[in-house]
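Trainee: I am new to this structure and would like a close look at a single part, the surroundings of the ligand. Could you take me through that part slowly, and then on to whatever adjoins the topic?

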Amino acid sequence: MHIIFLRRHNLIVKKLENETSWSPEVLYQEAKRIVIAELQHVTYNEFLPRVLGPWITFTFGLRPAFLYRESYSPFVDPRTTSGFSVAAYRFGHSLVRNIHDQIGPNGSPNDNLLLKDHFDKLETHLKDFTGGNTEGFARWMKSDHKSRSDGTFVDGLQNNLFRCEDEPNCPMGAGVTKAFDLAALNIQRGRDHGLPSYTQWRYWCTGRRAFIFTPNYFGLSDHTYFEANILRNTYRHVDDIDLFTGGLTETRLPGTLLGPTFTCILALQFSNYKRGDRFFYERPDPIMAFTPGTLNWSFTT
Ligand code: HEM
């Protein structure tokens, strides 16, 4: 993804260079501003409606305007909350698939590359710069479906994260840990950060308390019996449930990829990113606003 945006930046620099007499520094900064705007637009216009559903994106004012909209407030704090970075937004880990492949120009997969075979294998990616595989990876990403957002992780992330076979060259050193478990890292990171338990976050988001594991009015009503049972067998008390585990296993709200607690944390965070950003691309600010022409060009090219 980084290479795609880097190339996009260079393409915009070339276009601006042909149309203006700006210095290299101005070309660089202006292209950077446009790429940031495009990234924001794709995130709010295409990604979030799929994750949070049309109703939540509308209610939290996350849908882009047709041209300009003033949503900035100096009183909104745009900083990332721990609940978001350490748990809720890591829901993306459950969307990752075990195969990360390439597709050739003629549409056929070139390779059967497993996710675990990418870690520390720079040679696979270095080929990119000698005319090889970036396009292949991009074609694959464009056509491949993601995994479901649920409580499960693929083997490449759960049992084989950063697996290193060639012991003497492994970053952890010979004979030490050979692979990580991303689900365990996420749970442990939540504890490192001292995150309140899942039930506290759920109460903060929905106003509903859970006293028991059973998925009824007094318990984990946002979980199925199946998920609630797994949690019961894992934790001693409902208030011990980690935010990452409890949030990821909630039943998805209709039209979204997430249950109520993660939906709430994501919607609030993305609302703060937008309303607390003095440079958000939609702002009609007289000094820094994009011209209608640039907005139109960026979003249709
Ligand atoms: C192959 C795909 C991915 C791999 C191998 C991966 C791996 C990792 C690792 C190793 C960490 C640090 C864990 C820790 O020590 O706490 C991390 C953090 C994180 N990941 Fe992923 N990840 C992947 C995809 C994603 C996706 C698709 C999303 C979201 C849509 C995501 C969201 C996050 C977030 C929010 C953090 C925390 C960042 C921070 O607080 O600094 N990741 N990931």
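Mentor: Helices, in the sense used here, are DSSP runs of H or I with at least four residues, and they are numbered from the N terminus. With that in hand, please keep in mind that what you see is a predicted model.

By that count the chain has 12 helices and zero strands, and the C-alpha trace spans about 70 × 50 × 35 Å along its principal axes. Of the 301 residues in the chain, 41% are buried.

Turning to the ligand, there are 14 residues around it, and those that come nearest are Ser85, Tyr89, Arg90, His93 and Arg189. Helix α7, which covers residues 182-192, supplies the largest share of this shell, with three residues. Sorted by class, the shell is made up of nine nonpolar, three polar and two charged residues.

The iron atom of the ligand deserves particular care, and His93 is its only protein donor, reaching the iron through NE2 at 2.1 Å. His93 itself sits in the loop between α3 (82-87) and α4 (122-126). The side chain of His93 also has an N or O atom 2.9 Å from a nitrogen atom of the ligand.

Two arginines take part in the polar contacts as well. In the side chain of Arg90, an N or O atom lies 2.9 Å from an oxygen atom of the ligand, while for Arg189 the corresponding distance, again from a side-chain N or O atom to a ligand oxygen, is 2.6 Å.

Helix α7 leads us on to another region, because it is among the elements that give two or more residues to the lining of the second largest pocket, by the DSSP runs described above. That pocket has a volume of about 320 Å³, and of the 18 residues that line it, Gly151, Ala183, Ile187, Thr245 and Thr249 are the closest to its centre. Along with α7, the elements giving two or more residues to this lining are α9 (225-234) and α10 (243-248), and α9 gives the most, with five residues. By class, the lining of the second largest pocket has 10 nonpolar, six polar and two charged residues.

One of the residues closest to the centre of that pocket, Gly151, lies in the loop between α5 (134-143) and α6 (155-158). Gly151 has a relative accessible area of 40%, which falls between the limits of 20% and 50% and therefore makes this residue partly exposed. Although Gly151 and Thr245 are 94 residues apart along the chain, their C-alpha atoms are separated by 7.4 Å.

A contrasting pair can be found elsewhere in the chain, where the C-alpha atoms of Pro260 and Asn106, 154 residues apart in sequence, are separated by 42 Å. Pro260 belongs to helix α11, residues 260-275, and it counts as buried because its relative accessible area of 14% is under 20%.

A last point concerns the backbone at Phe162, a residue in the loop between α6 and α7. Phi of Phe162 is near 60°, a positive value in a residue other than glycine. With 39% relative accessibility, Phe162 counts as partly exposed.

How values were computed
Residues numbered from 1 in each chain as written. Predicted model: local features only at pLDDT ≥ 70, side-chain atom pairs only at ≥ 80, totals over all residues. Heavy atoms only, no water. Donors = N, O, S within 2.8 Å, 3.2 Å for Na, K, Ca; no water. Near = heavy atom within 4 Å. Polar contact = N/O pair within 3.5 Å; in protein donor to acceptor, adjacent residues only side chain to side chain. Nonpolar A, V, L, I, M, F, W, Y, C, P; charged D, E, K, R; others polar. 1 Å grid on protein atoms, 1.4 Å probe; cavity = no way out; pocket = protein on both sides within 12 Å on 5 of 7 lines; lining within 4 Å. Points joined across faces, edges and corners; volume = space filled by probe spheres on them. Buried < 20%, exposed > 50% of the residue type's maximum accessible area, 1.4 Å probe, protein only.
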